[in-house]
Amino acid sequence: MSQQMASDSAQRETFRESSRAWWRSVTSTQELGVFLVLIVMILFLSWQTDTFTSSNNIRNITLSFSWIAIAAFGQILVIISGGIDLSTGSIMAASGLAAAWLISGSIEGEPTSWVIEKMVNGRGMDMGPDKYVPIALLAGPLMGLFLGTINGLLVAWANLPAFIATLGMMSVARGFVYGLSGGWPLQKLNNEFLKLGQNDLPLFGYDLPYPFIIMVLIAIMMTFFLSRTTWGYRIYAVGGNEQAARLSGVNTRRVKLMAFMLSGLMAGIGGTLMTSRLAVAAPTAAQGYELDVIAAVFIGGASVTGGKGTIIGTVIGAAIMQVLRTGLNLLGANAYWQPAAIGFTIILAVMFDRARNNPRIGEEFRNLFGRSRAKDF
């Protein structure tokens, strides 16, 4: 009898210890903090405005932050590895132009050689044929992959600082977009191409936009890549301590090259979806998006010194950025002040990261949670 009681007591103690460990793991993650911030923002805007929770507004938010989040999935790989990619917005614009060029009826005002006349809303319009749509959907991501590879080679093999290499690429890619388009937006895009960004998939009684579904699928794949593959661990290792990773046998150059290639690829996918949604490839497209993408990564918990960051945190960070932007519009804030609000949010996120990594402040947080747990259990 006494042995049975001792066994039950040991099982209860084991269960309590497991519960404490789970609680510590939950409360110590920054994702929980930013998720609570997102919830507070949603509740505040729902209370202050009549249209924030409307189905149309929710759909627009999920659409708009989808391509920002996809581009941020690549950016976080670079930041975890200890670098930064300032060319994301320009790569998105170049990728959108590459995709649109194949299915647009004109460039610089002159019809391209392969256009055909199609009837749209009862009117004849010059437009690229349907058979070029799959090629266009590949051309955008491939353009991003190409430009990301150049970034990676400049950083990993030419030993240029990531800030300088990607700053140069930002100007180069944007210049090519302006030069090739002549400053004019490419319109009259093929209807089959536009379906990817503008149509919904009925699922579980809801109409989910295709870009949102693609974002969710890529988030799952990137989470698996970072947390379950050798190359994912190597990215964290290089960002945490590059010299130690090199001495451990990790080819740090290949890891950096891969991070920048994936960053370019993700920006290319995001730029293609954005062009499909907006039905135009403007030379000014995605201008300043690099700021939104970097902000989403840092708000989501990535460390400015590398070695830390998660995909789920990046998704939440991107959602916060879009909710903030939409909320400012609904509250009637002057559009000229929105960049100031976004910049202020980035500063707060970085300050929180520094405070979290400060040993003295970190100990205070642990003591605070420790006292809370002692009360709970």
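A salt bridge here is a side-chain nitrogen of Lys or Arg within 4 Å of a carboxyl oxygen of Asp or Glu. The side chains of arginine 246 and glutamate 242 meet that rule, at 3.2 Å from N to O. This is a predicted model: local features need pLDDT of at least 70, side-chain atom pairs count only at pLDDT 80 or more, and totals for chains, interfaces and linings use all residues. Residues are numbered from 1 along each chain as its sequence is written, and side-chain values use heavy atoms, with hydrogens and water left out.

**Overall build**

- The protein chain has 15 helices and six strands. Both are DSSP runs numbered from the N terminus: helices are H or I with at least four residues, strands are E with at least two.
- Of the 377 residues in the protein chain, 44% are buried. Buried means under 20% relative accessible area, exposed means over 50%, and partly exposed is in between (1.4 Å probe, protein chains only).
- The protein chain exposes about 19,400 Å². Carbon and sulfur atoms supply 64% of that area. Accessible areas come from the Shrake-Rupley method with a 1.4 Å probe; for residues, only the protein chains shown count as cover.
- Contact means heavy atoms within 4.5 Å. Among contacts between residues at least 6 apart in sequence, 75% join residues at least 24 apart.

**Nonpolar core**

- A nonpolar core is a set of buried Ala, Val, Leu, Ile, Met, Phe, Trp, Tyr and Cys residues joined through side-chain atoms within 4.5 Å.
- The largest such core has 87 residues. Phe65, Phe73, Leu77 and Ile311 have the most contacts inside it.
- Helix α3 (residues 55-80) gives this core its largest share, 14 residues.
- Leaving aside neighbours within four places in sequence, phenylalanine 73 touches Met215, Ile218, Ala219, Met222, Met266, Ile311, Thr314 and Val315.

**Helix α11**

- Helix α11 covers residues 252-278, and 21 of its 27 residues are buried, so the rest of the structure largely encloses it.
- Its expected span is 39 Å at 1.5 Å a residue, and its end C-alpha atoms are 39 Å apart, which agrees. The expected span is 1.5 Å times one less than the number of residues.
- Alanine 279 follows α11 and has a positive phi, near 60 degrees.

**Salt bridges**

- The rule gives a count of five salt bridges.
- Side chains of opposite charge can pair when their charged atoms come close.
- Arginine 246 and glutamate 242 both lie in helix α10 (residues 242-247), four residues apart, about one turn of the helix. Arginine 246 is partly exposed at 45% relative accessibility. Glutamate 242 is also partly exposed, at 27%.
- Glu242, Arg246 and Lys256 are linked in a network of salt bridges.
- Glutamate 192 and lysine 195 meet in a salt bridge at 3.1 Å, N to O. They are three residues apart in helix α7 (residues 191-198), so about one helical turn separates them. Glutamate 192 is partly exposed at 38% relative accessible area, and lysine 195 is partly exposed at 36%.
- An α-helix has 3.6 residues a turn, so residues three or four places apart point the same way.
- Arginine 325 forms a salt bridge with aspartate 292, with the closest N and O atoms 2.3 Å apart. Arginine 325 lies in helix α13 (residues 311-330) and aspartate 292 in helix α12 (residues 289-299), so the pair ties together parts 33 residues apart in sequence. Aspartate 292 is buried at 7% relative accessibility, whereas arginine 325 is partly exposed at 24%.

**Surface patch**

- Phe35, Leu36, Ile39 and Leu43 make a nonpolar surface patch of about 360 Å². Patches are made of residues with over 30% relative accessible area and no salt bridge: like charges are joined within 9 Å, nonpolar side chains (Val, Leu, Ile, Met, Phe, Trp, Tyr) within 5 Å.
- Isoleucine 39 lies in helix α2 (residues 30-48). Its relative accessible area is 32%, so it counts as partly exposed.

**Approaches between distant residues**

- Glutamine 187 sits in the loop between α6 (162-181) and α7. It is partly exposed, with a relative accessible area of 44%. Its C-alpha atom is 8.0 Å from that of alanine 100, 87 residues apart along the chain.
- Isoleucine 299 is in helix α12 and is buried, at 7% relative accessible area. The C-alpha atoms of isoleucine 299 and methionine 321 are separated by 8.8 Å, with their positions 22 residues apart along the chain.
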